[in-house]
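Hi,

Here's the structure I said I'd pass along. Have a look at it first, then read on for what turned up.

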Amino acid sequence: MKAVCWYGKKDVRVENVPEPKLLTKRDAIIKTTLTAICGSDLHLFHGVIPSMQPGDILGHEFMGEVVEVGTEVPNLKKGDRVVVPFCIACGNCFFCQDGMTALCDNSNPNASMAEKVYGSSGAGLFGYSHMFGGYAGGQAQYVRVPFADVGPVKVPDSVSDEQALFLSDIFPTGYMAAENCDIQQGDVIAVWGCGPVGQFAVRSAFLLGAEKVIAIDNVDARLCLAMKGGAEPLNYEAPDFEERLRNATGGRGPDACIDAVGLEAHGTSLDAIYDYAKMAVRLETDRTHALRQAIYACRKGGTVSIPGVYGGLVDKFPLGVAFNKGLTLKMGQTDVHRYLNPLLQLVESRQIDPSFVITDRLALDDAAAGYSTFDTSDGCIKVVLKP
Amino acid sequence: MEIIRHKHQLPNVGKVERTASVAAGVLLIGKGLRNKGWTGTAMALLGAEFLRRGITGNCHSYQALGINTADAEKRAAENGGDSVSVPHGSGIRIDEAITINRSRADVYSFWRDLANIAEFMEYVESVRILGDTDNRMTRWSAKGPGGKCLEWDAEIINEKENELIAWRTLDAAEVANAGSVHFKDGPAGRGTEISLEILYSPPGGSLGAFAAKLFGDDPAARIHSDLKRIKARLEAGVLAGTDGQSKGPKVQGEETAERQIHVDAVSKASEESFPASDAPGFTH
């Protein structure tokens with residue numbers, strides 16, 4: 001079968017690899033009908049995520065048709081159309097049973113690697129480095145899905161592939177980011193980064209009752225798409241950006257701020273250039289310019305919600321600002337399983353059509369081009385790949 | 001993991017060695033005092049340490065490595081008739097705890113069937129129940145350092161249903177060990193807390209274990225992984241894994257054990273970041 005494989009920094013290739021087979025009785029094999037490149041795949045593309053190996057199959061946003069099930073997967077049968085969460089969860093441990101499926105105790109076979117770096121390990125992830133399990137990903141014609149009795153949900157015929165696909169990651173991720181803001185009546189939410197997760201955060205904030213959403217980016221196409229979702233656009237490169245943001249919230253600052261940027265933030269201010277320099281010489285692993293801005297801008301007693309991915313050490317983190325303003329910080333990988341059914345219902349009842357975010361539709365064979373377009377082209381917001 | 005040390009410096013050097021130590025000490029001090037300069041001083045100081053070691057019978061390096069030649073002599077004098085598996089003041093101790101999201105009765109009965117446990121301990125090949133009346137005697141075989149096959153017999157010396165299992169190896173075991181596992185309810189119904197304590201004399205003595213640890217074959221980490229597998233088996237029923245999954249073709253000249261390289265890389269990055277409280281996000 002064909003699969004998108006990682007071979008190094010800015011080097012992904014479509015290769016012929018053996019088809020997957022069932023490895024445990026809780027596995028299923030899915031024939032991929034649609035898959036996507038995630039913003040977090042670009043972190044792999046840039047080589048900033050450790051423990052990747054040449055030949056690793058990429059991709060954690062995928063859906064498809066069930067072709068084979070293990071003996072302990074009673075919920076699925078051959079022919080079912082399903083969408084699969086990017087995090088792998090056993091459903092039995094303390095964390096899974098409490099809804100924190102991204103923190104599953106049992107799904108990362110390489111937990112000892114993550115334990116060395118993070119103290120303890122979260123869930124295994126599809127196609128996202130060996131530290132997170134080394135699972136073959138979904139940018140392939142077929143995928144093995146472990147714990148298939150817990151993860152995949154069936155998609156009704158009334159929902160198309162393009163509408164269902166993003167339930168695997170970015171829609172729940174944007175939604176959890178907004179939910180973490182604990183939105184109250186009248187709240188103004190600011191969203192840093194209008195990539196796919198930011199776009200879903202904007203729309204989710206409105207679904208959860210936000211009064212106003214301010215979308216922050218420097219790419220016109222992204223700001224325009226956020227405006228279509230009802231947000232007020234704000235370019236962070238504007239000279240008086242911080243003042244504008246304050247004034248747009250009656251001088252209070254946003255009630256909650258969402259950092260949908262993560263560890264590779266762009267910026268032109270002094271601290272952003274300092275981050276670039278330190279990251280270049282590996283004194284720092286993550287650039288946190290957007291997060292710093294969010295913490296400074298947030299109103300007193302507000303919440304900073306972080307769906308953007310961070311991997312390691314950060315420098316010049318304004319903890320004193322967060323402390324003195326009594327901020328709440330919430331973050332973490334998305335517990336996708338918890339959101340699948342409620343969000344699928346929102347899609348089914350036409351309250352949101354997640355396909356709005358797609359800008360580029362390519363064949364799986366053209367994945368390498370898809371990665372570089374997504375990396376470099378301003379107009380490209382979301383790439384989907386059809387095997 | 002810790003190598004057993006004592007606050008009070010008990011004698012840990014045998015009589016023959018102590019006499020030799022005193023003689024070497026006197027000789028070195030004598031030579032040292034005749035020589036002028038740094039070498040003379042160093043020799044005299046070393047001599048003084050040998051003298052102290054001989055007179056007190058306590059050797060700091062032996063203590064650091066968990067070696068005790070005094071006890072070995074005593075046991076030899078008693079015709080090898082020791083009543084404990086791991087003599088007092090020697091050996092290596094491992095303490096590990098884990099919480100399993102199952103009832104105490106489930107976890108206990110799984111553990112009490114020692115054949116189950118062997119299946120999830122990476123280096124244990126098999127455990128055979130020796131067929132006594134209450135299944136207390138077992139024969140273990142394991143892969144030792146360097147792939148050497150090791151065998152020993154063990155007996156359960158204390159058990160309280162759903163609370164405790166304690167064991168020790170029988171006389172002349174190649175890997176003398178003793179230990180206990182305690183089972184306790186987690187708070188507010190949060191599964192079962194297991195505390196495992198193992199005391200063992202590894203093959204090749206403490207020096208062998210020390211060398212094994214230096215070369216990365218860390219028994220505490222191994223036991224930790226074993227416990228995580230038992231937890232996964234009890235909670236999820238299956239073990240997560242990727243052996244046998246698909247992968248892109250290898251690049252020419254990359255036939256080496258990549259996995260180990262990457263494990264080392266993460267470990268190295270982690271060491272370099274110490275004592276920062278945060279984790280590094282790079283390895284190259």
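**What's in it**

Chain B has nine helices and eight strands. Keep in mind as you read that this is a predicted model. Of chain B's 284 residues, 23% count as buried. If you take the contacts in chain B with a separation of 6 or more, 53% of them are between residues 24 or more positions apart.

Now for chain A. It comes to 13 helices and 18 strands. Its radius of gyration is 20 Å, close to the 21 Å that the globule rule gives for 387 residues, so chain A is as compact as a globular protein of that length. To picture the dimensions, think of a box of roughly 60 × 50 × 40 Å along the principal axes, filled by the C-alpha atoms of chain A. Buried residues account for 58% of the 387 residues here. As for contacts in chain A with a separation of 6 or more, 71% involve residues 24 or more positions apart.

**Two helices that cross**

Next, find helix H5 (residues 170–179) and helix H6 (residues 196–207), both in chain A. How do H5(A) and H6(A) lie relative to each other? Their axes come within 7 Å and cross at roughly 50 degrees. That angle is neither under 35 degrees nor in the 65 to 115 range, so H5(A) and H6(A) are oblique to each other. The crossing is right-handed.

On the H5(A) side, the contact is made by Ile170(A), Phe171(A), Thr173(A), Gly174(A), Tyr175(A), Ala177(A) and Ala178(A). H6(A) brings Pro196(A), Val197(A), Gln199(A), Phe200(A), Ala201(A), Ser204(A) and Ala205(A) to it. Sorted by type, the residues of this contact are 10 nonpolar and four polar, with no charged ones.

**One residue to click on**

Finally, try Arg338(A), which you'll find in helix H12 (residues 336–348) of chain A. Is Arg338(A) buried or exposed? It has 20 C-beta neighbours inside 10 Å, and the cut-off for buried is 20 or more, so Arg338(A) counts as buried.

Which residues does Arg338(A) touch, leaving aside its neighbours within four places in sequence? Those contacts are with Gly99(A) and Thr101(A). You could also pick out Gly134(A): this residue is 204 residues from Arg338(A) along the chain, and their C-alpha atoms are separated by 23 Å.

Happy exploring!

Methods: Residues numbered from 1 in each chain as written. Chains lettered and ligands numbered in written order. Predicted model: local features only at pLDDT ≥ 70, side-chain atom pairs only at ≥ 80, totals over all residues. Helix = DSSP H or I, 4+ residues; strand = E, 2+ residues; numbered from the N terminus. Buried ≥ 20, exposed ≤ 12 C-beta atoms within 10 Å, placed from the backbone. Contact = placed C-beta atoms within 7 Å. Axes fitted to C-alpha atoms, helices over the stretch in contact; angles between N-to-C directions. Parallel < 35°, antiparallel > 145°, perpendicular 65-115°, else oblique. Left-handed = near helix turned anticlockwise from the far one by under 90°. Nonpolar A, V, L, I, M, F, W, Y, C, P; charged D, E, K, R; others polar. Rg over C-alpha atoms; globule rule 2.2 N^0.38 Å.
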